[in-house]
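Please open the model in your viewer and keep the selection tool handy. We will move from site to site, with a word at each stop about what to select and what is there.

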Amino acid sequence: MRVLTRMNVGGPSMQVTTLQRHLDAARYDQRLYTGHVGDDEADYQALFAPDLPVHRIAGLGRRIGPGGDARAFVQLYAHMRRFRPHIVHTHTAKAGVLGRLAAVAAGVPVRVHTFHGHLLHGYFSPRATRVMVGVEAALARRTQRLVSVGARVRDDLLAAGIGDAVRYRVIGPGTVLPPLPDRAAARRELGLDGSGPVVAYVGRVTGIKRPDRFLAAARLVRAAVPDAQFVVCGAGDRLAATRAAAVDLGPAVRFTGWRADVHTVYAAADVVLLTSDNEGTPVCLIEAALAGRPCVATRVGSVHEVVLDARTGLLTDPAAEPLAAATVRLLQDEDLRARLGRQAADHAATQFGPSRLITGIDRLYAEIAVEHGWWPEHETVSAPV
């Protein structure tokens, strides 16, 4: 039984969808339970997986409140008592709390939780962060396996006292891109001028992603590369404010909202820019790399495991000035841009293909099944993926 807070567009929804679709149905009877997305969010299932069977749980969305949370807990508990899963696997923070508490109450033998990032930096006040760490540390003691999408994310969580090293497994995201359209056609589709270089932002437009920093960097890039254009593909609670703040940039910045054909954005781009204060292992950077586009990104979370500095892209401190300088460097050096793009595509294909995610989770579940005597020992050998 897989529990996810909500299926908004982003890495957790993509990973959950991949697992639900591609884990061997002869080995696993999977069911997915999730809340509703917010009014300011795009629904990943509606855009990318309308055929995916999902059980919707009222109250299991982003909003936190005693009434809604209690209703979600009761529903999850009731579903667990009916389904009787061997494993409850939770994803993201709120689902991790309510899902694991319900699993303990319902007597589910094994709890697994995936940290798709963490909330240790940039989300809450110091006091609220201490409370959150205490809750996660207590839950980790009742969780048989903790999955981290990156080694740095795991190390940060261990340093905060959340879990012990024996329980952790590092299993990165895995994805693919459809074939890219022609660059000129992609730019026409997005309404871009065909002559100037294009810098893309792909992701939620929310505080932790620092869209304000993206605009500040864009202004600095335009000062050095006057014909540079920018695409913001995404939505979120800071979208309206970001649109308003970008008025001085005029048509140089285009806001596309979420697009089901996100590969069109990568096809149109020369560089992908990530400006976040905190990240796990960003899927947008993996997608950009698969498209052969070098990235400029802040050196936070497990970003450095996706973007190898000076090999597949450029990493900087989280400030507009170094981000802009690195972007300008790539825009003005076509050979460097092409070389980093080729190396990015090779690295992403070998390290972040969907088979690595599927095989990693398959082996994890099989390991648990053998430990508990549900499967014979030879079943630890992963089924072909």
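**Stop 1: the second largest pocket**

Let's begin at the second largest pocket, whose volume is about 370 Å³. Keep in mind as you look around that this is a predicted model. To find the pocket, select Arg27, Tyr28, Asp29, His86 and Ile87, which lie nearest its centre among the 18 residues that line it. Next, colour β4 (87–91) and α15, since each of these elements supplies at least two of the lining residues. If you colour the lining by residue class, you will find 9 nonpolar, 4 polar and 5 charged residues.

**Stop 2: the loops on either side of β4**

Stay with β4 and select Arg84, in the loop that runs between α3 (66–83) and β4. The phi angle here is near 55°, a positive value in a residue that is not glycine. As background, most residues other than glycine have a negative phi. Is Arg84 buried or exposed? Arg84 falls in between: its relative accessible area is 48%, so this residue is partly exposed.

Now pick Thr92, in the loop between β4 and α4 (93–106). Thr92 also is not a glycine, and its phi is positive, at about 75°.

**Stop 3: Val108**

Follow the chain to Val108, which sits in the loop between α4 and β5 (110–115). With a relative accessibility of 5%, Val108 counts as buried. Which residues does Val108 touch, not counting those up to four places away in sequence? Show the side chains of Met80, Pro85, His86, Ile87, Val88 and Ala103, and you have its contacts. Two of those names, His86 and Ile87, should be familiar from the centre of the pocket at our opening stop. For a sense of scale, draw a line from the C-alpha of Val108 to that of His55: the two residues are 53 apart along the chain, and the atoms are separated by 19 Å.

**Stop 4: Arg63**

For a contrast, select Arg63, in the loop between β3 (55–56) and α3. Arg63 has a relative accessibility of 72% and therefore counts as exposed. Leaving out residues up to four places away in sequence, Arg63 touches Asp69 and Lys94. A C-alpha to C-alpha line from Arg63 to Val272 covers 31 Å in space and 209 residues in sequence.

**Stop 5: the largest cavity**

Time to go inside. The structure holds 2 cavities of 30 Å³ or more, and the largest contains about 50 Å³ of space. Select Gln15, Leu19, His91, Thr114, Val147, Val149, Ile171, Leu357 and Ile361 to display its lining. The elements that give two or more residues to this lining are α1 (11–22) and α15 (354–371). You met α15 earlier, in the lining of the second largest pocket. What kinds of residue face the largest cavity? Its lining has 6 nonpolar and 3 polar residues, and no charged ones.

**Stop 6: the second largest cavity**

The second largest cavity has a volume of about 30 Å³. Bring up Leu285, Ala289, Cys295, Val306, Val307, Thr312 and Ala344 to see what lines it. Here the residues divide into 6 nonpolar, 1 polar and no charged.

**Stop 7: Val303**

From that cavity, move to Val303, in helix α12 (residues 303–306). Val303 counts as buried, because its relative accessibility is 0%. Setting aside neighbours within four places in sequence, Val303 is in contact with Leu274, Glu279, Gly280, Pro282, Leu285, Ala297, Thr298 and Leu315. One of these, Leu285, also lines the second largest cavity. Now add Val153: its C-alpha is 9.7 Å from that of Val303, although the two are 150 residues apart in sequence.

**Last stop: the whole chain**

Zoom out and switch to a cartoon view. The chain has 15 helices and 13 strands. Its radius of gyration is 21 Å, close to the 21 Å that the globule rule gives for 385 residues, so the chain is as compact as a globular protein of that length. Along its principal axes, the C-alpha trace spans about 65 × 45 × 40 Å.

Try colouring by burial as well: buried residues make up 54% of the 385 in the chain. A surface view shows about 16100 Å² exposed, with 53% of that area supplied by carbon and sulfur atoms. Finally, of the contacts between residues at least 6 apart in sequence, 68% join residues at least 24 apart.

Technical notes
Residues numbered from 1 in each chain as written. Predicted model: local features only at pLDDT ≥ 70, side-chain atom pairs only at ≥ 80, totals over all residues. Heavy atoms only, no water. 1 Å grid on protein atoms, 1.4 Å probe; cavity = no way out; pocket = protein on both sides within 12 Å on 5 of 7 lines; lining within 4 Å. Points joined across faces, edges and corners; volume = space filled by probe spheres on them. Helix = DSSP H or I, 4+ residues; strand = E, 2+ residues; numbered from the N terminus. Nonpolar A, V, L, I, M, F, W, Y, C, P; charged D, E, K, R; others polar. Rg over C-alpha atoms; globule rule 2.2 N^0.38 Å. Buried < 20%, exposed > 50% of the residue type's maximum accessible area, 1.4 Å probe, protein only. Contact = heavy atoms within 4.5 Å. Areas by Shrake-Rupley, 256 points an atom, 1.4 Å probe, with all protein chains shown as cover.
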